[in-house]
Amino acid sequence: VTKSMRKKKQPILLILLIGQFGTMILIGLWHSISWNLLIWGIWHGAGLFVQNRYSLKVRPLFAKITNNKLMGVTIRIIGVVITFNFVAFGWVWFVLKTPFESLTVFSTILGY
């Protein structure tokens, strides 16, 4: 799909979006066809797309900031914490059987 889109001069963002979402959705559904694994694929596809776009935008700024060693380490730690929590929340979709169960876990974690 993405190869034919490149030939038709589609916007690169659209190609990335379809490629990343499509790949992650297929990986989720490969494990089992269920709503939760479809959501798991969408969750991770969105995470990959946002991370990809964010990295390109902040790379020049990050190069300047890393001259300050403390600031560079702090930013890396924050990135690891955000990534870990995003992936850990994503596994809730993977492990449970229904979206209702997953939403119940999320509401409990968030204190609702």
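A helix here is a DSSP run of H or I at least four residues long, and a strand is an E run of at least two. Keep that in mind as you open the model, which is a predicted one.

**Stop 1: the whole chain**

Colour the chain by secondary structure. How many helices and how many strands does the chain have? You should find five helices and zero strands. Going from the N terminus, the order of elements reads α-α-α-α-α. The chain is more spread out than a compact globule, because its radius of gyration is 17 Å, well over the 13 Å that the globule rule gives for 112 residues.

Now turn the model around. Along the principal axes, the C-alpha atoms fill a box of roughly 45 × 45 × 20 Å. Of the 112 residues, 18% count as buried. Here's one more number for the whole chain: take the contacts between residues at least 6 apart in sequence, and 50% of them join residues at least 24 apart.

**Stop 2: Asn36 and Ser102**

Select Asn36, which sits in helix α3, residues 35–65. Is Asn36 buried or exposed? Its relative accessible area is 0%, so Asn36 is buried; the cut-off for that word is under 20%.

Show the side chain of Asn36 and look for Trp93. A polar atom of that side chain lies 3.1 Å from the backbone oxygen of Trp93. Trp93 has company, too: beyond the neighbours within four places in sequence, Asn36 is in contact with Val92, Trp93, Leu96, Lys97, Thr98, Pro99 and Ser102.

Click on Ser102 next. You are now in helix α5, which covers residues 99–109. Ser102 counts as buried because its relative accessibility is 0%. Which residues does Ser102 contact, leaving aside neighbours within four places in sequence? They are Asn36, Val92, Trp93 and Leu96.

**Stop 3: Ser34 in the loop**

Step back along the chain to Ser34. This residue is in the loop between α2 (12–31) and α3. With 25% relative accessibility, Ser34 counts as partly exposed. Try a distance label from Ser34 to Pro99: the two are 65 residues apart along the chain, and their C-alpha atoms are separated by 9.5 Å.

**Stop 4: Trp40 and Gly90**

Go back into helix α3 and pick Trp40. Trp40 has a relative accessible area of 6%, so this one is buried. Light up its contacts, again skipping neighbours within four places in sequence, and you get Met24, Ile27, Gly28, Gly90, Trp91, Trp93 and Phe94. For another distance label, try Trp40 to Phe100: they are 60 residues apart along the chain, with 14 Å between their C-alpha atoms.

From that list of contacts, choose Gly90. Where is Gly90? Its place is in helix α4. Gly90 is buried, with a relative accessible area of 0%. Not counting residues up to four places away in sequence, Gly90 touches Trp40, Trp43 and His44. Draw a line from Gly90 to His44: 46 residues apart in sequence, they are 7.1 Å apart in space, C-alpha to C-alpha.

**Stop 5: Phe62**

Slide along helix α3 to Phe62. Phe62 has a relative accessible area of 25%, so this residue is partly exposed. Leaving aside neighbours within four places in sequence, Phe62 is in contact with Ile75 and Arg76. Between Phe62 and Ile75 there are 8.7 Å in space, C-alpha to C-alpha, and the two are 13 residues apart in sequence.

**Stop 6: the largest pocket**

Finish with a surface view. The largest pocket holds about 730 Å³ of space. To find its centre, select Gln51, Tyr54, Ser55, Gly79 and Thr83, the closest to that centre among the 21 residues of the lining.

Which helix supplies the largest share of the lining? That is α3, with 13 residues. Both α3 and α4 (69–95) each give at least two residues to the lining. Finally, colour the lining by residue type: 13 are nonpolar, six are polar and two are charged.

Definitions and conventions. Residues are numbered from 1 along each chain as its sequence is written. This is a predicted model: local features need pLDDT of at least 70, side-chain atom pairs count only at pLDDT 80 or more; totals for chains, interfaces and linings use all residues. Side-chain values use heavy atoms; hydrogens and water are left out. Buried means under 20% relative accessible area, exposed over 50%, partly exposed in between (1.4 Å probe, protein chains only). A polar contact is a pair of N or O atoms within 3.5 Å; within protein, one must be able to donate a hydrogen and the other to accept it, and residues adjacent in sequence count only if both atoms are side-chain atoms. Contact means heavy atoms within 4.5 Å. On a 1 Å grid over the protein atoms alone, a cavity is a set of points where a 1.4 Å probe fits but cannot get out, and a pocket is an open set with protein on both sides within 12 Å along at least five of seven lines; lining residues have an atom within 4 Å of a point. Grid points are joined across faces, edges and corners, and a volume is the space filled by probe spheres set on the points. Ala, Val, Leu, Ile, Met, Phe, Trp, Tyr, Cys and Pro count as nonpolar, Asp, Glu, Lys and Arg as charged, and the others, Gly among them, as polar. The radius of gyration is taken over C-alpha atoms; the globule rule is 2.2 Å times the number of residues to the power 0.38.
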